[in-house]
Amino acid sequence: MAESLSVAGLRLAYDAAGDGDPPMIFVHGWCCDRSYFAPQFEQFATSHAVAALDLRGHGDSGRPETLSGSYDIGKLADDVLAVASAAGFGRPVLVGHSLGALIGLACAARAGATRALVMVDPAPITNEGAKKFFRESADAVAADGGGSWRQKFVEGMFLPTDVTRRAAIIEQMPRTSPEVAAEVIRVMAEFDGASALAEVTVPVLSIGSAVPTNASADLRRLCPAITIGQTVGAGHFNQLEVPGQVNAMIERFLAVNDLPGRGG
């Protein structure tokens, strides 16, 4: 069911459903919204309490001005944990896609904040070339009033065989304001995800796409206990393109870490 929360006057929209421990919260990627985890939200609501939010500046949530850290990864993590608290979730399993995976890292690096972390095709953590590209693209995104830069950028995230919501995703990219999109791509570039991953002590699963941004060996070097998965036949939006593969990996990860949910 649709809910909303006010944090310092900022509206955060989210959906909540299901019951069962541990609770799970789903965090979408850059210029996306909470519907991007619809297949996972639906499946895991049968055995867990689940929530999926729209990040500030995205979807149905409020859009603060891009001033002095208002979209920093730490601030976005604060919002995610505020929604978790409002939903009554104590130490949730956090599942984040792309940008949402970086936010999940920031949450998981906080002692006692989460039970486990699932990163779905995470944005650059160890890939310095990709982080440099993000940093250098911020001005182009800020000037992208018509959305053509973002649409061309997201087109490159799909495999030729990807079909699920492809046209809709490309069309949706410009709906986030260029100012917010530019600020968020900049903070992704600046976020020290490598240090955060090295500090995480809860179980971590990273599910890469067919062309993952981060090398598995680099992730393992920072977090030797990490579990690595990779989907077959899906680009960046693998949670939508091949939800059966993604959901099965999450289910197994929860089971082997004694977090199976109701009836597990």
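Student: Which class of burial does D15 fall into: buried, partly exposed or exposed?

Tutor: The model is a predicted one, in which local features need pLDDT of at least 70 and side-chain atom pairs count only at pLDDT 80 or more, while totals for chains, interfaces and linings use all residues. Residues are numbered from 1 along each chain as its sequence is written, and side-chain values use heavy atoms, with hydrogens and water left out. Buried means under 20% relative accessible area and exposed over 50%, with partly exposed in between, for a 1.4 Å probe and protein chains only. The relative accessible area of D15 is 21%, so D15 is partly exposed.

Student: With which residue does D15 form a salt bridge?

Tutor: A salt bridge here is a side-chain nitrogen of Lys or Arg within 4 Å of a carboxyl oxygen of Asp or Glu. For D15, the closest N and O atoms of such a pair are 3.0 Å apart, and the partner is R34. The pair links distant parts of the chain, with D15 in strand β2 (residues 10-17) and R34 in the loop between β3 (24-27) and α1 (38-44), 19 residues apart. At a relative accessible area of 16%, the residue that counts as buried is this partner, R34.

Student: How many residues apart in the sequence are R115 and D21, whose side chains meet in a salt bridge?

Tutor: The N to O distance in this salt bridge is 3.2 Å. R115 lies in the loop between α3 (99-108) and β6 (116-120), whereas D21 lies in the loop between β2 and β3, so that the pair links distant parts of the chain, at a separation of 94 residues.

Student: Which residues are joined into one network by salt bridges that share partners?

Tutor: R56 and D79 also meet in a salt bridge, at 2.6 Å from N to O, with R56 in the loop between β4 (50-53) and α2 (73-86) and D79 in helix α2. Both R56 and D79 are buried. The network formed through shared partners consists of D15, R34, D54 and D60.

Student: What residues does S47 touch, not counting those up to four places away in sequence?

Tutor: S47 is found in the loop between α1 and β4, and its relative accessible area is 10%, so it counts as buried. With contact taken as heavy atoms within 4.5 Å, the residues that S47 touches are D19, G20, G261 and R262.

Student: How far apart in space are G208 and G104, C-alpha to C-alpha?

Tutor: G208 sits in strand β7 (residues 204-208) and counts as buried, at 7% relative accessibility. Leaving aside neighbours within four places in sequence, G208 is in contact with D121, G229, Q230, T231 and N238. G104 is 104 residues away from G208 in sequence, and the C-alpha distance between the two is 15 Å.

Student: What is the radius of gyration of the protein?

Tutor: The protein has 11 helices and 8 strands, where helices (H or I, at least four residues) and strands (E, at least two) are DSSP runs numbered from the N terminus. The radius of gyration is taken over C-alpha atoms, and the globule rule is 2.2 Å times the number of residues to the power 0.38. For 264 residues that rule gives 18 Å, and the protein is as compact as a globular protein of that length because its own value is close to this, at 17 Å.

Student: What share of the 264 residues is buried?

Tutor: Among contacts with a separation of 6 or more, 70% are between residues 24 or more positions apart. The C-alpha atoms fill a box of roughly 50 × 40 × 35 Å along the principal axes. Within the protein, the share of buried residues is 55%.
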